[in-house]
Amino acid sequence: MAQVKVHSLFSEFDINLFKAGKHYRLYEKFGSHLVTVNGIEGTYFAVWAPSAKQVSVIGDFNYWIEGEHQLNVRWDESGIWEGFIPTVGKGDIYKYKIQSHNNDIKTEKADPYARRAEHPPKTGSIVWDDTYKWKDTKWMKKRKDHNALDAPYSVYEVHLGSWKRHVEENRFLSYFELADELVNYIKEMNFTHVELMPIMEFPYDPSWGYQVTGYFAPSSRFGYPEEFKYLVDKLHQNDIGIILDWVPSHFPEDAHGLGFFDGSNLYEHPDKRKGYHQDWKSLIFNYGRNEVKSFLISNAAFWMDQYHADGLRVDAVASMLFLDYSREEGEWEPNIYGGRENLDAIAFLKELNEEIYKSFPDTQTIAEESTAFTGVSKPVFLGGLGFGMKWMMGWMHDTLEYFKKDPIYRQYHQNDITFSLAYAFTENFMLPLSHDEVVYGKNSILGRMAGDEWQRFANLRLLYGYMFTHPGTNLFFMGGEFGQYSEWDFEGSLDWNLLEYDSHKSFQNYFKSLNKFYRETPALFEKQFSQEGFEWISYDDHQNCVISYIRKGNDPKDYVAVVCNLTPTVRENYKIGIPVKGKIKEIFNSDAKEFGGSGVSNTKQITVKKESWNGKDYSAEITLPPLAVAVFKFL
């Protein structure tokens with residue numbers, strides 16, 4: 001048997017923090033680390049396996065023979081096995097062979113803390129260390145302004161595997177190629193941030209990345225870890241923030257993954273009612289176990305610390321919050337108070353957000369949460385979960401249902417388009433039109449619009465114009481910005497050939513201009529989460545299907561009036577209430593000819609009259625373009 005030398009990166013304080021669930025930098029200790037001990041170069045390994053009676057490191061360096069390199073168990077009942085193996089170096093492939101106290105069960109596991117993993121379908125971990133030199137100092141110093149809650153957020157959601165493919169070689173674009181093509185495209189389109197669907201290593205492509213096995217390893221499908229850092233760096237150098245999808249809600253049962261890790265329910269909850277997700281056929285973390293809590297919070301901190309992420313979008317929060325989520329009566333157990341809330345998960349989420357905002361105050365966490373659970377985006381000290389933002393799923397559902405309807409019937413459904421404003425300021429909402437809305441037979445966003453082709457594109461321009469001027473931040477799934485016709489196909493590429501057609505090219509031009517207008521109009525984001533930033537002009541003109549409102553910034557000079565005409569009828573001399581005297585000027589119109597519209601507009605300044613209307617002291621008469629949003633500035 002080869003010798004494993006006694007060595008440790010853990011101090012007694014580290015161990016105490018780990019046991020207490022308060023160690024938030026475990027990636028500095030666990031996993032494989034290139035070190036020099038007594039002048040000998042090699043690799044230090046550390047793994048948590050409290051139910052093991054033997055743990056061996058197996059790999060290319062010992063011909064995958066169990067027992068050749070047995071790790072030493074620590075004496076402090078931490079359940080940590082560790083040791084230094086000379087000559088094992090960068091690029092060596094390995095796994096842990098674990099023999100359990102439970103019926104001598106043997107498991108062969110990838111390293112939960114590995115910094116690099118083999119390309120699927122291979123499942124080994126790779127000893128890795130990179131010395132990447134970051135060049136985003138300028139961004140990191142000023143990003144608090146870009147990522148603040150009063151900053152513009154136009155987020156481009158991307159699945160790296162299908163945004164664009166290398167056609168000739170039928171392969172994914174690499175991180176290096178994406179750092180050129182994707183970054184340039186996002187900058188050209190004037191998005192403020194990009195959100196990447198999970199890039200942590202995952203074995204199964206149809207999961208889109210939401211079944212993670214390598215929580216600390218960027219997917220090897222696209223290149224090396226330092227190449228992913230290069231992609232992040234290029235985004236930052238071009239003033240684009242990056243948000244990562246993060247999945248602490250569940251993990252797959254794959255044999256090399258976290259499940260039944262040491263022959264026991266180590267990472268997953270042992271009670272199937274709390275530890276198994278029936279919909280996704282996956283395992284649920286045991287949020288009440290201190291060491292698991294430390295693992296997850298350390299992982300969140302890892303992507304902020306090591307990869308300079310500007311935010312985490314936390315997946316499937318609703319499934320974590322409720323014990324009866326997607327379960328029938330009798331399939332779940334109430335908490336100690338008789339309720340349905342998962343108290344351990346709630347405590348974990350609060351602790352997660354406290355740590356992220358304490359250590360990385362210039363970033364954001366965003367909850368994908370679809371229920372009426374209160375205080376998701378309220379600070380923990382005010383009794384909330386502590387997220388910075390929450391997805392506004394209700395707005396998304398109501399709005400898409402409304403735009404599917406033929407305009408002739410919309411007068412009977414005015415409430416669908418206005419109801420979101422009844423609760424818009426109960427949370428810090430992000431308005432999402434995400435990947436989930438363009439799969440499984442739902443059709444593309446363009447495909448869901450009513451009418452002939454011209455009306456569909458007009459409706460789409462109107463939808464996005466309404467979205468950008470609605471309170472909250474914005475997220476769009478790739479392809480929507482040029483009017484993708486077909487549903488998203490994770491195995492293919494976006495239909496970039498559509499840009500050969502004028503209707504799609506004009507729409508892409510519209511989206512680019514809309515992004516620019518949004519970023520240059522402070523009234524649309526400075527008070528996006530405050531009731532002070534919004535005022536209705538009229539929400540009850542259901543007969544004409546028109547809604548109008550005022551958006552306000554910090555400076556009254558920046559206020560704008562927004563009018564949405566939700567039918568294809570041009571309305572001349574349409575009167576709207578105005579709160580101040582003077583003049584108004586049209587500054588944005590989705591019906592402009594360069595956007596593919598009919599060109600109906602208000603070309604001249606309009607004098608405000610001393611006639612009360614819509615509960616305002618003054619009024620103005622404007623022309624409403626068909627199926628369009630028009631924005632006016634107060635002069």
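Colleague: How many bridges join strand β3 (residues 52–59) to β6, and in which sense do they run?

Modeller: In this predicted model, seven bridges connect β3 with β6, and the two strands run antiparallel. Since at least two bridges are required for a pairing, the seven found here satisfy the criterion. Within this pairing, serine 56 stands opposite lysine 97 of β6.

Colleague: Which strand pairs with β6 over four bridges, and which residue is the bridge partner of lysine 97 there?

Modeller: That strand is β7 (residues 106–109), again in the antiparallel sense. Lysine 97 has glutamate 108 as its bridge partner in β7. Strands β6 and β7 form a hairpin with five residues between them. In the turn, asparagine 103 has a positive phi of about 60°.

Colleague: How do you know that β6 and strand β9 (residues 125–126) pair?

Modeller: Two bridges are found between β6 and β9, in the antiparallel sense. The threshold is at least two bridges, so the pairing qualifies. Isoleucine 93 has isoleucine 126 as its bridge partner in β9.

Colleague: Why is strand β6 (residues 93–100) described as largely enclosed by the rest of the structure?

Modeller: Eight of its eight residues are buried, and the description of β6 as largely enclosed follows from that count. Both faces of the strand are covered. Ile93, Lys95, Lys97 and Gln99 are buried on one side, and Tyr94, Tyr96, Ile98 and Ser100 are buried on the other.

Colleague: What makes β1 (31–37) and β4 (72–73) edge strands, and in which sheet do they lie?

Modeller: The sheet is open, with four strands in the order β1-β2-β5-β4 and antiparallel pairing. Strands β1 and β4 are its edges, as each pairs on one side only. The partner of β4 is β5 (residues 80–86), in the antiparallel sense over two bridges. In that pairing, valine 73 has tryptophan 81 in β5 as its bridge partner.

Colleague: How many aromatic pairs does the structure hold?

Modeller: The structure holds 67 aromatic pairs.

Colleague: Why is the aromatic pair of tryptophan 163 and tyrosine 185 called tilted?

Modeller: The ring centres of tryptophan 163 and tyrosine 185 lie 5.8 Å apart, with 55° between the planes. The distance limit is within 6.5 Å, and angles that are neither under 30 degrees nor over 60 count as tilted, so the name applies. The pair links distant parts of the chain, with tryptophan 163 in helix α3 (residues 160–163) and tyrosine 185 in helix α4 (residues 175–188), 22 residues apart. Tryptophan 163 and tyrosine 185 are both buried.

Colleague: What makes the pair of phenylalanine 517 and phenylalanine 588 stacked or tilted?

Modeller: The angle between the planes is 20°, and the centres are 4.8 Å apart. Planes under 30 degrees apart count as stacked, so this pair is stacked. Phenylalanine 517 belongs to helix α13 (residues 502–519) and phenylalanine 588 to strand β28 (residues 583–589), 71 residues apart.

Colleague: How do you know whether phenylalanine 517 and phenylalanine 588 are buried or exposed?

Modeller: The relative accessible area is 10% for phenylalanine 517 and 8% for phenylalanine 588. Buried means under 20%, so both residues qualify.

Colleague: Which residue lies over the face of tryptophan 128, and which lies over the face of tyrosine 618?

Modeller: Arginine 116 lies over tryptophan 128, at 4.4 Å from the ring centre. Lysine 610 lies over tyrosine 618, at 5.2 Å from the ring centre. The distance part of the rule is within 6 Å, which 4.4 Å and 5.2 Å satisfy.

Colleague: Why is the sulfur of cysteine 545 not in a bond with that of cysteine 564?

Modeller: The closest cysteine sulfur to that of cysteine 545 is in cysteine 564, 12 Å away, which is too far for a bond. A disulfide requires sulfur atoms within 2.5 Å. Cysteine 564 is likewise in no disulfide, and the count for the structure comes to zero. Cysteine 545 is buried at 2% relative accessibility, and cysteine 564 is buried at 0%.

Colleague: How does the radius of gyration of the protein chain agree with that of a compact globule?

Modeller: For 635 residues a compact globule would have a radius near 26 Å, and the chain has 27 Å, which agrees. The C-alpha trace spans about 90 × 60 × 45 Å along its principal axes. Of the 635 residues, 62% count as buried. The chain has 13 helices and 31 strands.

Note on methods: Residues numbered from 1 in each chain as written. Predicted model: local features only at pLDDT ≥ 70, side-chain atom pairs only at ≥ 80, totals over all residues. Heavy atoms only, no water. Phe/Tyr/Trp six-rings, centres within 6.5 Å; stacked < 30°, edge-to-face > 60°. Buried < 20%, exposed > 50% of the residue type's maximum accessible area, 1.4 Å probe, protein only. Lys NZ or Arg CZ within 6 Å of the ring centre and 35° of its normal. Rg over C-alpha atoms; globule rule 2.2 N^0.38 Å.
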